[in-house]
Amino acid sequence: MVLSLMIGKKIGLGFSAVLCILVILAAYSAIQMGRVSVEASGLASAYVPQVVKVTDAERKLLNARISATRYLFSTTAEDAKNTEEALQKTYSALDGVQAMVKNNTLLGDMEKDVLLARSEFDEYANLYRQVNQIYEQYLTDQNNVYFTI
């Protein structure tokens, strides 16, 4: 039957077949994109709050380092107070990240990283406090020298 058709009808049938395949592929693609959209929304609602929490902790850590550096250059009481506040905010943020990692089985591998970051930050904060204490002692000694003259 197809052999007895004229050339124009054969071309028309071929074009129609290609068009049908194109429509079927377009419908399949649209369905798959809808599924991907649902999955992406699920991933976003599951992980975006966690990413925000980690990013917030990282930002607070950087702010604490900046505050400590500012204090070490300026040595003003206000900068010392700001640095202590920044250190406390960082500790709170790290506590939140640590709790989040413990409560989420998917983030179990991150627990080591969080503990390492926490220990490094503890070391940094202790060093800052030691330097601050030495500087305060230096100021006290300087004031005592002036009073004895």
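**Helices and cores in a predicted model**

Of the protein's 149 residues, 18% count as buried. The model is predicted.

Me: What makes a residue count as buried here?
Reply: Its relative accessible area must be under 20%. In this protein, 18% of the 149 residues meet that cut-off.

Me: How do you know how many helices and strands there are?
Reply: A helix is a DSSP run of at least four residues, a strand one of at least two. The protein has three helices and zero strands. The pattern along the sequence is therefore written α-α-α.

Me: Why is the set with Ala64, Tyr71 and Phe121 called a nonpolar core?
Reply: Such a core needs buried residues of types such as Ala, Leu, Phe and Tyr, joined through side-chain atoms within 4.5 Å. This set has 11 residues, including Ala68, Leu87, Tyr91 and Tyr128, so it qualifies, and it is the largest. Helix 1 (7–74), helix 2 (77–103) and helix 3 (110–148) each give two or more residues to this core. Helix 2 supplies the largest share, five residues.

Me: What makes Leu94 a contact partner of Arg118 and Phe121?
Reply: Contact means heavy atoms within 4.5 Å. Leu94 touches both Arg118 and Phe121, so each pair meets that limit.

Me: Which residues belong to another core, apart from the largest?
Reply: The other core has six residues, among them Ala57, Ala93, Val101 and Val114.

Me: What share of contacts with a separation of 6 or more joins residues 24 or more positions apart?
Reply: These account for 64%.

Me: How much of the accessible surface belongs to carbon and sulfur atoms?
Reply: They hold 66% of about 11200 Å².

How values were computed:
Residues numbered from 1 in each chain as written. Predicted model: local features only at pLDDT ≥ 70, side-chain atom pairs only at ≥ 80, totals over all residues. Heavy atoms only, no water. Buried < 20%, exposed > 50% of the residue type's maximum accessible area, 1.4 Å probe, protein only. Areas by Shrake-Rupley, 256 points an atom, 1.4 Å probe, with all protein chains shown as cover. Lists of a residue's contacts leave out its neighbours within four places in sequence.
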